[in-house]
Amino acid sequence: VKHPLSNRWTLWFTKPASGKGDNWNDLLKEVITFESVEEFWGVYNNIAPVSDLALKSDYHLFKEGVRPEWEDPQNKHGGKWSYQFKDKRSVNIDELWLHTMLAAIGETLEDEEDGEVMGVVVNVRKAFYRIGVWTRTTGRHIPGRGDGDIAGGKGRSAEKGKEILMAIGRRFKAVLKLPPNEMLEFSGHTDSAHSGSTRAKAKMVV
Ligand code: M7G
């Protein structure tokens with residue numbers, strides 16, 4: 001018996017750059033798509049744990065049809081909640097990433113009608129592990145669209161859009177078991193793209 005997930009999910013991997021000529025697109029690889037709880041465990045049990053990955057690797061788990069890139073049509077008006085674990089030796093990154101994936105595929109990060117969560121990401125870097133949740137919107141107006149298009153056609157007000165994103169941030173913070181004084185930060189992808197890095201100025205904190 002297979003227990004179907006609400007969505008089909010695709011796992012992606014960013015392999016570390018080997019030389020200077022490597023660009024983002026050469027490094028990002030689609031791994032596998034699954035649609036049941038059993039298939040998820042089959043994948044999970046057969047891939048390297050985050051703690052074994054080389055520096056500059058990423059795992060991305062995204063809804064099928066959404067590439068884990070700022071440029072994807074479903075991400076280009078969006079942003080992400082993220083947190084950097086700077087004490088790499090004391091953090092159980094494998095457990096945190098597992099819990100993050102389970103929250104994504106189990107759809108516990110948002111209410112069903114929100115339709116905000118596009119995927120989750122873990123980055124292995126020299127100074128930190130970063131885990132993030134990518135959302136379809138930023139709670140701001142989309143340039144060139146009319147009022148009421150804050151949330152990409154869902155007719156939400158800016159206040160409602162922000163509240164939905166804040167709720168996702170609070171749930172994600174609980175998944176990561178962060179104490180109240182540690183802050184999760186939200187940043188828009190366009191800000192990330194312009195600054196050339198993820199470390200763009202945070203627009204919201206939780
Ligand atoms: P990062 O992995 O988000 O954060 O971006 P880091 O700076 O902490 O490592 C690292 C680099 O990967 C960026 O400067 C971009 O060159 C590239 N990169 C990352 N992402 C998520 C994208 C993306 O969505 N699209 C493109 N074109 N490049 C990206």
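This report walks through the sheet, the helices packed on it, the salt bridges and a few single residues of a predicted model.

Because the model is predicted, local features need pLDDT of at least 70 and side-chain atom pairs count only at pLDDT 80 or more, while totals for chains, interfaces and linings use all residues. Residues are numbered from 1 along each chain as its sequence is written, and side-chain values use heavy atoms, with hydrogens and water left out.

## The sheet

Let's start with the sheet. It is open, has 8 strands in the order 2-1-3-5-6-4-7-8, and its pairing is antiparallel. Helices (H or I, at least four residues) and strands (E, at least two) are DSSP runs numbered from the N terminus, and two strands pair if DSSP finds at least two bridges between them. Strand 2 (28-36) and strand 8 (204-205) are the edge strands, each with a single partner, so one side of each has no neighbour in the sheet.

Over at the strand 8 edge, strand 7 (residues 185-188) and strand 8 pair antiparallel over 2 bridges. Glu 185 sits opposite Val 205 of strand 8, and Phe 186 has Met 204 in strand 8 as its bridge partner. Phe 186 of strand 7 is also the bridge partner of Trp 81. Strand 4 and strand 7 run antiparallel and are joined by 4 bridges.

## Helices on the sheet

Helix 2 (residues 37-44) lies across strand 1 (4-14) and strand 2, at about 145° to strand 2. Axes here are lines fitted to C-alpha atoms, for helices over the stretch in contact, and angles run from 0 to 180 degrees between N-to-C directions. Helix 3 (residues 93-105) packs on the sheet too, touching strand 1, strand 2, strand 3 (58-63), strand 4 (79-85), strand 5 (117-124) and strand 6 (129-135), and its direction makes about 170° with that of strand 5. Contact means heavy atoms within 4.5 Å.

What span should helix 3 have at 1.5 Å a residue? Its 13 residues should cover 18 Å, and its end C-alpha atoms are 18 Å apart, which agrees. The expected span is 1.5 Å times one less than the number of residues. Buried residues of helix 3 include Ile 93, Leu 96, Trp 97, Met 101 and Ile 105; buried means under 20% relative accessible area, exposed over 50%, and partly exposed in between (1.4 Å probe, protein chains only). Just after helix 3, Glu 107 takes a positive phi of about 60°.

## Salt bridges

How many salt bridges does a search of the whole structure find? It finds 9, a salt bridge being a side-chain nitrogen of Lys or Arg within 4 Å of a carboxyl oxygen of Asp or Glu. Here are some of them, with the N to O distance for each.

| Pair | N to O distance |
|---|---|
| Glu 110 and Lys 63 | 3.8 Å |
| Arg 67 and Glu 69 | 3.0 Å |
| Asp 111 and Arg 171 | 2.9 Å |

Glu 110 lies in the loop between helix 3 and strand 5 and Lys 63 in strand 3, so their salt bridge ties together parts that are 47 residues apart in sequence. Glu 110 counts as buried at 7% relative accessibility, and Lys 63 counts as buried at 13%.

In the Arg 67 and Glu 69 pair, Arg 67 is partly exposed at 31%, whereas Glu 69 is buried at 8%.

Asp 111, in the loop between helix 3 and strand 5, and Arg 171, in helix 4 (residues 158-175), are 60 residues apart and link distant parts of the chain. Asp 111 is partly exposed at 35%, and Arg 171 is partly exposed at 30%. Elsewhere, salt bridges that share partners join Arg 8, Glu 35 and Glu 64 into one network.

## Two loop residues

Arg 156 lies in the loop between strand 6 and helix 4. Is Arg 156 buried or exposed? At 8% relative accessibility, Arg 156 counts as buried. Its side chain reaches the backbone oxygen of Asp 114 at 2.7 Å and makes a polar contact with the side chain of Glu 116 at 3.1 Å. A polar contact is a pair of N or O atoms within 3.5 Å; within protein, one must be able to donate a hydrogen and the other to accept it, and residues adjacent in sequence count only if both atoms are side-chain atoms.

Gly 65, in the loop between strand 3 and strand 4, counts as exposed at 66% relative accessibility. Leaving aside neighbours within four places in sequence, Gly 65 is in contact with Asp 72 and Gln 74.
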